[in-house]
2 protein chains.
Amino acid sequence: MVDDNLRQTVRNIPDFPKKGIVFRDITTLLKDKEAFRKSIDILFEKYKTVQIDKVVSVESRGFIFGSVLAYKLNAGFVPVRKPKKLPSATIREEYDLEYGKDILEIHTDAITKGERVLIVDDLLATGGTIDAACRLVERLGGEIIALAFLIELNFLNGRKKVERYPIHSLIQYDSE
Amino acid sequence: MVDDNLRQTVRNIPDFPKKGIVFRDITTLLKDKEAFRKSIDILFEKYKTVQIDKVVSVESRGFIFGSVLAYKLNAGFVPVRKPKKLPSATIREEYDLEYGKDILEIHTDAITKGERVLIVDDLLATGGTIDAACRLVERLGGEIIALAFLIELNFLNGRKKVERYPIHSLIQYDSE
């Protein structure tokens, strides 16, 4: 779904973090109480009749949307984090960056086998991060019900990487 | 307020991140849907009759509680972040770490003069982080109504550093 009112609250920052990239700055949406509320409410409407046991989000911006949805869906909230942030036993997955690799971790006791999981992030770009998060959840036996994003950058084809799941994004961009 | 049921959902990790420190791991509270809901509801009850324009939280764990409270209080949400994370114009404040210093930033347009602000974080320890966040908000002209925390480590006396504001914490520890 494309929502033009919501889209207008996202700030475009040309050449950030580097030349040729238009960064989609969601802080202007977040600070606008109506836009923030609307973005949550639209996502909630999509899943409110579905049983969700855990909402999983990737640090840090993903936490902002994931925690509110967990609360509203009456689910637990599970953070996926960069290495050395989670203090108990973890499993990890690597994913590719433009140059090099990065790693995400989840606590081994974060999800119980068979639990129904909604994965929430602010942005679907190349899909590397969210694919790693999905692999972590499935290694723990979680059943991924859907992936929800505030923003999707269609031209990066991240959807292709996680097309095995239902995907919902609120604001889509067809080009930089 | 000390809530023993909530406290029991926090996992204690001895000697993390180093010997002699007991890390209070809130991921076990977050994944427990009743405990997560209760922690939010108790904080919400405290402020629901107060006009709050913006909720400000420090990355990353602070986002988890701050965003839900912003939603429930019908306020905007403002992230305070480490350097180079916020893409538009920012101001910054330094704060002391055990060894060295760190920096926090806020977007200059995040808060309008006179707006009423609730600052939310997961943990009040030495108070350095939250004090820097308060200074950022006040430099933008925000009026800080209160500070809310999930956990307070009383023995580190962080409250002293921000005693100029009303402070509310849900779970308090008197020693490591």
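## A walk through two chains

The structure holds 33 salt bridges over all chains. Keep in mind as you click around that this is a predicted model.

**Stop 1: a salt bridge inside chain A.** Select Arg92(A) and Glu105(A) and show their side chains: the two meet in a salt bridge, 2.6 Å being the value for another pair further on, while here the N to O distance is 2.7 Å. Now colour by secondary structure. Arg92(A) belongs to strand S5 (residues 90-96) of chain A, and Glu105(A) to strand S6 (residues 101-107) of chain A. The two residues are 13 apart, and the pair links distant parts of the chain. As background, side chains of opposite charge can pair when their charged atoms come close.

**Stop 2: the sheet of chain A.** Next, show chain A as a cartoon and pick out S4, S3, S7, S8 and S9. In that order, these five strands of chain A form an open sheet with parallel pairing. Look to the edges for S4 and strand S9 (167-173) of chain A, each of which pairs on one side only. From one strand to the next, the twist averages 20°.

Zoom in on S9(A) and its partner, strand S8 (residues 143-153) of chain A: they pair in the parallel sense over six bridges. Which residue of S9(A) is the bridge partner of Ile151(A)? Select Ile171(A) and you have found the partner.

Then add helix H5 (residues 128-139) of chain A. This helix lies across strand S3 (54-58), S4, strand S7 (116-124) and S8 of chain A. Relative to S7(A), H5(A) runs at about 165°.

**Stop 3: the sheet of chain B.** Hide chain A and bring up chain B. Here, too, is an open sheet of five strands, ordered S4-S3-S7-S8-S9, with parallel pairing. Why does one side of S4 and of S9 in chain B have no neighbour in the sheet? Strand S4 (76-80) and strand S9 (167-173) of chain B stand at the edges with a single partner strand each, so one side of each is left free of a neighbour in the sheet. On average, and ignoring direction, neighbouring strands of this sheet are turned by 20° against each other.

Inside this sheet, select strand S3 (residues 54-58) and strand S7 (residues 116-124) of chain B, which pair in the parallel sense over four bridges. Val55(B) has Leu118(B) in S7(B) as its bridge partner. Packed on the sheet is helix H4 (residues 61-72) of chain B, touching S3, S4, S7 and strand S8 (143-153) of chain B. The direction of H4(B) makes about 170° with that of S3(B).

**Stop 4: where the chains meet.** Show both chains again. At the interface, 38 residues of chain A are in contact with 38 residues of chain B. The area buried between the chains is about 3400 Å², and carbon and sulfur atoms give 57% of that. Highlight Lys31(A), Tyr71(A) and Pro87(A): in chain A they lose the most area to chain B, together 22% of what that side buries.

For polar detail, there are 30 residue pairs in polar contact across the interface, as well as four salt bridges. To see a salt bridge, select Asp109(A) and Arg11(B), whose side chains meet at 2.6 Å, N to O.

Which elements of chain A each supply at least two residues of the side that touches chain B? Among them are strand S1 (11-14), helix H3 (33-47) and helix H4 (61-73) of chain A. H4(A) gives the largest share, eight residues. As a last colouring, try residue type on this side of chain A: 18 residues are nonpolar, seven polar and 13 charged.

Notes
Residues numbered from 1 in each chain as written. Chains lettered and ligands numbered in written order. Predicted model: local features only at pLDDT ≥ 70, side-chain atom pairs only at ≥ 80, totals over all residues. Heavy atoms only, no water. Contact = heavy atoms within 4.5 Å. Buried area = accessible area lost by both parts, 1.4 Å probe. Polar contact = N/O pair within 3.5 Å; in protein donor to acceptor, adjacent residues only side chain to side chain. Nonpolar A, V, L, I, M, F, W, Y, C, P; charged D, E, K, R; others polar. Pairing = 2+ DSSP bridges. Axes fitted to C-alpha atoms, helices over the stretch in contact; angles between N-to-C directions.
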